[in-house]
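Dear colleague,

I am handing over the structure below, together with an account of what was found in it. Please read the notes with the model open beside them.

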Amino acid sequence: ARAAAADAPVGPGALADGTPIPLLANLGSTDGALPAVEKGAEGVGLFRTEFLFLDSDKAPTVAEQQEKYTQLLTAFAGKKVVVRALDAGADKPLSFLNDEPEENPALGLRGIRALRANEPILRDQLTALANADAVTDADLWVMAPMVSTVEETRYFTKLARELGIKTAGVMIEVPAAALLADRILPETDFASIGTNDLTQYTLAADRLLGSVASFQDPWHPAVLRLVGEVGRAGVTAGKPVGICGEAAADPLLAVVLVGLGATSLSMSAAALADVRTELARYTLAQTQEFAEIALSANSAVEARVAVTAAANSLT
Ligand code: PEP
Ligand code: MG
């Protein structure tokens, strides 16, 4: 019976009232594609392209990238694939993009800032993605990392469209971008919230530093309030708002994120089954009640305890 259950087709993510919440995979290599599909990923919500080139000392060519992106899009034919432009800097340095040493690399020339300072590299990547898209039939979306201004949103969206990308968006992982989401979303096609960096920057606690690891908790009501800002802006602008940070892999927090306005969730493939099961227990109205409960807590711990109690009282 166990084997039969494992082989059973996995349905799409949905709430108890039928509201679809697509469940997508975070990937850093094309090797991860097949296992993710087997675990029921409905597509890719974050493909971390910088992982492909961590060991390269020079920028990859268009042809080299095109081959990798074609492999990825082929594995997800007919499905949505959100590819992130190179997110170089801090925890993911790329020698061909981050050449100056920095004292505070998390606050430095990283993400879209580094790409902009090296625009030919960004152009090559977008061209390779558009070329791969033209010969495959996945639904390719491309997003910029570490956006902190409306102007960067305009810059990236315009350039991506010029180079043949049909759906261009931005990551919201800097508090400034979350606070101005109502101005950012009208300028682009979608947003995806990176809760790892959003938590790091909201709590001013280096995500790589063990001594402040307890601050890196996306249940913190300040982080959730920012997520709620983006969710509201998405509804107003009629644009999708995904989540692609680790928070989406915590089943009960995933429910809260949906209550705050997330329209899809992306996570490591191993987390998909538990999140799918948890989401199916609640209606959209219940997820919104949980979100209110979490927002009114004073700390991450209080938020988690209060939402857990509310969930237990329903079952
Ligand atoms: C994030 O910051 O939440 C995110 C998804 O990106 P990364 O973890 O790669 O910085
Ligand atoms: Mg990030």
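Where does Ala204 lie? Ala204 is in the loop that runs between α9 and α10 (221–237), and please keep in mind, for this and everything that follows, that the model is a predicted one. With 9 other C-beta atoms within 10 Å, Ala204 counts as exposed, because a residue with 12 or fewer such neighbours is placed in that class. Its backbone deserves a look as well, since phi of Ala204 is near 50 degrees, a positive value in a residue other than glycine. Most residues other than glycine have a negative phi. Between Ala204 and Gln216 there are 9.2 Å in space, C-alpha to C-alpha, and the two are twelve residues apart in sequence.

A positive phi is also found at Met146, a residue other than glycine, where the value is near 55 degrees. Met146 belongs to the loop between β4 (139–144) and α6 (150–162), and with 27 other C-beta atoms within 10 Å it is buried, the cut-off for that being 20 or more.

Met146 leads on to the annotated positions, as it is one of the residues in contact with Glu173. The UniProt record, an unreviewed entry, places the feature "binding site" at Glu173 and Asp197. These positions span 25 residues in sequence, yet no two of their C-alpha atoms are more than 5.3 Å apart, so they gather at one spot. Glu173 sits in the loop between β5 (167–172) and α7 (175–179), whereas Asp197 is part of helix α9 (residues 195–203). Glu173 counts as buried because it has 27 C-beta neighbours inside 10 Å, and Asp197, with 24 other C-beta atoms within 10 Å, is buried too. If neighbours within four places in sequence are left aside, the contacts of Glu173 are Met146, Ile193, Gly194, Asp197 and Leu198.

Both annotated residues appear again around ligand 1, where the surrounding residues are Leu46, Arg48, Asp87, Glu173, Gly194, Thr195, Asn196, Asp197, Cys244 and Gly245. The elements that contribute two or more residues to this shell are β2 (43–48) and α9, and α9 supplies the largest share, namely three residues. In character, the shell around ligand 1 divides into two nonpolar, four polar and four charged residues.

The last item concerns the packing of two helices. How do α10 and helix α13 (residues 284–295) pack, at what angle and with their axes how far apart? The angle is about 135 degrees and the axes of α10 and α13 are 9 Å apart. The two helices are therefore oblique to each other, as this angle is neither over 145 degrees, which would count as roughly antiparallel, nor within the 65 to 115 degrees that count as roughly perpendicular. On the α10 side the contact is made by Pro221, Leu224, Arg225 and Gly228, which meet Ala291, Ala294 and Leu295 in α13. The residues of this contact between α10 and α13 divide into five nonpolar, one polar and one charged.

With kind regards

Notes:
Residues are numbered from 1 along each chain as its sequence is written. Chains are lettered from A and ligands numbered from 1 in the order in which they are written. This is a predicted model: local features need pLDDT of at least 70, side-chain atom pairs count only at pLDDT 80 or more; totals for chains, interfaces and linings use all residues. UniProt positions are given in the numbering used here, feature names are shortened, and annotations may be inferred rather than shown by experiment. Helices (H or I, at least four residues) and strands (E, at least two) are DSSP runs, numbered from the N terminus. Two residues are in contact if their C-beta atoms, placed from the backbone, lie within 7 Å. A residue is near a molecule or strand if its C-beta atom, placed from the backbone, lies within 6 Å of it. Ala, Val, Leu, Ile, Met, Phe, Trp, Tyr, Cys and Pro count as nonpolar, Asp, Glu, Lys and Arg as charged, and the others, Gly among them, as polar. Axes are lines fitted to C-alpha atoms, for helices over the stretch in contact, and angles run from 0 to 180 degrees between N-to-C directions. Angles under 35 degrees count as roughly parallel, over 145 as roughly antiparallel, 65 to 115 as roughly perpendicular and the rest as oblique.
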